[in-house]
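Student: I'm new to this one. Can we go through it together, with you telling me how each label is earned?
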Amino acid sequence: MAVRLCSNVSELLEIVKQQRDRNRTIGFVPTMGFLHKGHQSLIEASRNHGNFTVVSVFVNPNQFGPNEDFETYPRDSERDFELCGAAGGDLVWFPDVNDIYQEGSETAVVPGALSECLCGASRPRFLPGVLTVVLKFFNIVCPDLAYFGEKDFQQFVVIRRMAADFFMDIKVVGCPTVREPDGFAMSSRNVRLKPDQRDLALTLYRIIMKARDMFGKGERDAAALKESLTALWPSEIDLDYLDFRNPVSLQQVSVLAPDTRIFLGAWLDGVRLIDNGPLVG
Ligand code: AMP
C-alpha cells in the first residue's frame, strides 16, 4: 500500500488503531528528516520485521543549544515523504510543534549518568531534549518496536535505558551505521560540508580504522592508543572527544577489549561530526 501522510495527532491515533485492530505490530522510526540511506535502513528493518511502520519527521527545537544549528538544519519534507515510501514506510508523521509542546507543557525527562559523557557533556540540551520528545512520541504512537541508529550510539543507549527505567513495553532496536562507499558515516548534516571539507571529514572513519588496525596488532592500552590517534588528528578539525568506552555502561576503559567502542565527536567549520564503532566488528 502507498505510504500515507499525516500531521495531526488524532488522525495518527486513528490510523494506528486500525492497524492494531488488524493485529499488525507497530514499528516506529523517529527522525529529524532530510532522510538518507541511514534512515531508510531503519525503515527497512521495521518493514522486514513485518510492522506497520510509522516514521516521524520532526526537527525538535528543544534538543538544540542556543548557538547550535536548529535554524540551518536541512529540511525537505517532500523528498522525505518520497524516500520514506521508497524504503517501505507506511505512515509519515510530521508532528506539529504546538501539539508536541502544548501551551503550559513543562515536564521533561532528566537523564542520568549515561548522558554525562560524550555528546551529553558538550551539548547539554541534546539528550534531555531527545529523551523528552521520544517519550512524548512513544506515548502517542505506542509502538511495539522502535528503531535507532548506532551512528548515534549514546542516544540509542540512553533511549533503551529510558524505556527500561519507565517500564515501557517497547523493544528498542539498534541498527548498524550506514556509510558512504569510502566509509564516511551518512548524516543529514553532511550536506552542509563544502566539497573541499569532505576529505577532512573522513578523518573520523580513518581514525576508527586505525584504532582497529592497532588493536589487531596487539595494542591493549587505551591511553597509549588515544595518544597515538590524537597525534594523527588534523588541526583543521576541532576535536571534541576521542574516547574508548564500554558499550553498555559507556564508562571509559583503560584496557581495550574487542567490544570496546571508540567514540569520536568533532566540529568542522561549525558542522557537527560524530562516529563510533567497536574495535572488532
Ligand atoms: P536523525 O534524523 O539524524 O535524528 O536520525 C534519526 C535516526 O536515524 C536516529 O536513530 C539515527 O541514529 C539514525 N541514523 C542517522 N544516520 C544514520 C546512519 N548513517 N546509519 C544508521 N542510522 C542512522
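Student: How many Å separate the centres of domain 1 and domain 2?

Tutor: This is a predicted model, to begin with. Taken over C-alpha atoms, the centres of domain 1 and domain 2 are separated by 26 Å. The domain assignment puts domain 1 at residues 4-175 and domain 2 at residues 188-278.

Student: How do you know which residues of domain 1 lose the most area to domain 2?

Tutor: You look at the accessible area lost when the two parts are put together. Between domain 1 and domain 2 that comes to about 1800 Å², and carbon and sulfur atoms give 59% of it. On the domain 1 side, Leu118, Lys151 and Phe153 lose the most, together 32% of what that side buries.

Student: And what makes residues of the two domains count as in contact?

Tutor: They need heavy atoms within 4.5 Å. By that test, 22 residues of domain 1 touch 18 residues of domain 2.

Student: On to helix 1. How do you know what its 13 residues should span?

Tutor: At 1.5 Å a residue, helix 1 (residues 9-21) should span 18 Å, and its end C-alpha atoms are 18 Å apart, so the two agree.

Student: Which residues of helix 1 are called buried?

Tutor: The cut-off is under 20% relative accessible area. Val9, Leu12, Ile15, Val16 and Gln19 meet it. Looking down the axis of helix 1, these buried residues fall within an arc of 130 degrees, so they line one face. Ser10 and Asp21, on the other side of helix 1, are exposed, the cut-off there being over 50%.

Student: What covers the buried residues of helix 1?

Tutor: The cover includes strand 1 (4-6), strand 2 (26-31), strand 3 (52-57), strand 4 (91-93), helix 4 (97-100) and helix 6 (126-141).

Student: Why is strand 9 called largely enclosed?

Tutor: Eight of the eight residues of strand 9 (residues 271-278) are buried, so the rest of the structure largely encloses it. In a regular strand the side chains alternate between the two faces of the sheet. In strand 9, Val271, Leu273, Asp275 and Gly277 are buried on one side, and Arg272, Ile274, Asn276 and Pro278 on the other.

Student: What makes strand 8 and strand 9 a pair?

Tutor: Pairing takes at least two bridges. Strand 8 (residues 261-268) and strand 9 are joined by eight and run antiparallel, so by that rule they pair. Tryptophan 267, for one, stands opposite arginine 272 of strand 9. Their hairpin has two residues between the strands, and aspartate 269 there takes a positive phi near 50 degrees.

How values were computed
Residues are numbered from 1 along each chain as its sequence is written. This is a predicted model: local features need pLDDT of at least 70, side-chain atom pairs count only at pLDDT 80 or more; totals for chains, interfaces and linings use all residues. Side-chain values use heavy atoms; hydrogens and water are left out. Helices (H or I, at least four residues) and strands (E, at least two) are DSSP runs, numbered from the N terminus. The expected span of a helix is 1.5 Å times one less than its number of residues. Buried means under 20% relative accessible area, exposed over 50%, partly exposed in between (1.4 Å probe, protein chains only). The arc is that of the directions from the helix axis to the C-beta atoms. Domain bounds come from an automatic or database domain assignment. Buried area is the accessible area (1.4 Å probe) that two parts lose on being put together, summed over both.
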